[in-house]
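Colleague: I have this model open on my screen and would love a close look at one part of it, the inside. Could you walk me through how the interior is put together, and what surrounds it?

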Amino acid sequence: MKNFHLDLVRVTEAGAISAAEWVGRGDKEAADKAATNAMRDRLNKIDFSAEIAIGEGKKDNSHGLYEGEMVGAGWEIYPSTPEQCIFGNVLYDIAIDPIEGTTPTAKGGYEAMSVIALANKDCFYKTERFYMMKLAVGPKVAKRANLQLDMGIGEVVSHVADALGKNLEHVTVCVLDRPRSQPLVEALRVLGCRIKFISDCDVTACIATCVEDSGIDLYWSIGGSPEAVIAAAAMKCMGGYMLCSEVNDDFKLVGKSLTMEDLAKGPTMFAATGITDGSLLEGVRFTARGPITNSIAMRSESGTIRRIRTEHG
């Protein structure tokens, strides 16, 4: 798979800089539109032909990028059809979220990022369902525990504790702070676990399980389906483990459990740029000379993880 990871960083940098202009201004729609347009423009400068396999546009009634949209410099006109592709067949799938964390962006909060993932054509999972149950752990647990979504909460947390050599009460579980998480929260409190609540940005939470000093041992919650695919692409690069299942409108599990390979098959690349400050990345800084961005880029084939600080003129 050709290495596009620096091209992808330029895409997320463009999205983050544009979104950062709207930090704290209370207008999620304007921020999302700015980031989307900037990322689309940069994608159309890359020498490839790609299709948006999964994105945020439909669920949030936003400005895209939408499933089925064609991007890349291989297109003679935009939007266009596969027959008009200069480079021949569509070669790549893209999973994208121009703003992972529109609420933190609008309110000047934490953890907002622009994120993108790339795989070969037809390798990203597609679904019409908006939400998935997600369970994510880092490499140490992945090597030592065989976790499944149908396990009891106590069994899962015990496996994580054993794999990490921790007492049960020292295991930290990250949970989305939503009413639908309440049964899980109550069960975790009975077990005596530590709980870290997040209001948004569960791609970051999944990735954090792979970062040794993040303080998060397990992520378990129901969040967006696009974010599940993007997180799976990133976690493949980091050696983590993730299981997901689609949920219905009542947040009940439907269908089979989906592994990382189901969600993101084959080689993957991932890039993210911070919009606001977070545990993974610092947000955009505006200086007299120009913006300063902090990004991360990963490739599953090599296991390379690059952290990039860029001063834009």
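Modeller: Happy to! In this predicted model, the largest nonpolar core has 44 residues, and those touching the most other members are Phe 124, Ile 207, Tyr 219, Met 242, Phe 270 and Met 298. Helix H9, residues 225-238, gives the most to this core, with 10 residues. As general background, nonpolar side chains in soluble globular proteins tend to be buried together.

Phe 270 is a good place to put your cursor. Leaving aside neighbours within four places in sequence, Phe 270 is in contact with Val 115, Ile 116, Ala 117, Val 203, Ile 207, Ile 230, Ala 234, Ile 296, Ala 297 and Met 298. Apart from this core lies another one, of 26 residues, with Val 141, Leu 149, Met 151 and Val 160 among them.

From here, let's follow the strands. Strand E4 spans residues 113-120, and 7 of its 8 residues are buried. E4 has antiparallel pairings with two strands. With strand E3 (residues 92-100), E4 is joined by 7 bridges, and there Asp 93 stands opposite Ala 119. With strand E11 (residues 268-274), E4 is again joined by 7 bridges, also antiparallel, and the bridge partner of Ala 119 in E11 is Thr 268. Ala 119 is therefore flanked by Asp 93 and by Thr 268 as bridge partners, and strands in general pair through backbone hydrogen bonds, either parallel or antiparallel.

Next comes an open sheet of 6 strands, in the order E7-E6-E8-E5-E9-E10, with mixed pairing. E7 and E10 (258-259) stand at its edges; each has a single partner strand, so one side of each is left without a neighbour in the sheet.

Strand E6, residues 172-176, deserves a pause: 5 of its 5 residues are buried. Thr 172, Cys 174 and Leu 176 point one way from E6, while Val 173 and Val 175 point the other way. That fits the general pattern, in which side chains of a regular strand alternate between the two faces of the sheet. On one side, E6 pairs with E7 (residues 194-198) in the parallel sense over 5 bridges, with Leu 176 standing opposite Ile 198. Helix H7, residues 182-191, completes the picture here, as E6, H7 and E7 make a right-handed β-α-β unit. E6 also pairs with E8 (residues 218-224), again in the parallel sense, over 2 bridges, and the bridge partner of Val 173 in E8 is Leu 218.

E8 also holds Ser 221, a polar residue worth zooming in on. Ser 221 counts as buried because its relative accessibility is 2%, under the 20% limit. A polar atom of the Ser 221 side chain lies 2.8 Å from the backbone nitrogen of Leu 176. Beyond four places in sequence, the contacts of Ser 221 are Met 132, Met 133, Lys 134, Cys 174, Val 175, Leu 176 and Ser 181.

Another buried side chain to inspect is Glu 69, found in the loop between helix H3 (57-60) and strand E2 (70-71). Glu 69 has a relative accessible area of 12%, so it is buried. Its side chain makes a polar contact, at 2.6 Å, with the side chain of Arg 40.

Val 11, in helix H1 (residues 5-20), is buried too, with a relative accessible area of 0%. Val 11 and Arg 42 are 31 residues apart in sequence, and their C-alpha atoms are 5.4 Å apart in space. Setting aside sequence neighbours within four places, Val 11 is in contact with Met 39, Arg 42, Leu 43, Ile 46 and Ile 116. Ile 116 is also a contact of Phe 270, which should help you find your way back to where we began.

Finally, the cysteines, since a bench biochemist may well wonder about them. The count comes to 0 disulfides. Take Cys 206 and Cys 244: the sulfur of Cys 206 has its closest cysteine sulfur in Cys 244, 7.0 Å away, which is too far for a bond. Seen from Cys 244, the closest cysteine sulfur is that of Cys 206, at 7.0 Å; a disulfide would need the sulfur atoms within 2.5 Å. Both are buried, Cys 206 at 1% relative accessibility and Cys 244 at 0%.

Definitions and conventions. Residues are numbered from 1 along each chain as its sequence is written. This is a predicted model: local features need pLDDT of at least 70, side-chain atom pairs count only at pLDDT 80 or more; totals for chains, interfaces and linings use all residues. Side-chain values use heavy atoms; hydrogens and water are left out. Buried means under 20% relative accessible area, exposed over 50%, partly exposed in between (1.4 Å probe, protein chains only). A nonpolar core is a set of buried Ala, Val, Leu, Ile, Met, Phe, Trp, Tyr and Cys residues joined through side-chain atoms within 4.5 Å. Helices (H or I, at least four residues) and strands (E, at least two) are DSSP runs, numbered from the N terminus. Contact means heavy atoms within 4.5 Å. Two strands pair if DSSP finds at least two bridges between them. A crossover is right-handed if, with the strands pointing away from the viewer, the path from the first strand over the helix to the second runs clockwise. A polar contact is a pair of N or O atoms within 3.5 Å; within protein, one must be able to donate a hydrogen and the other to accept it, and residues adjacent in sequence count only if both atoms are side-chain atoms.
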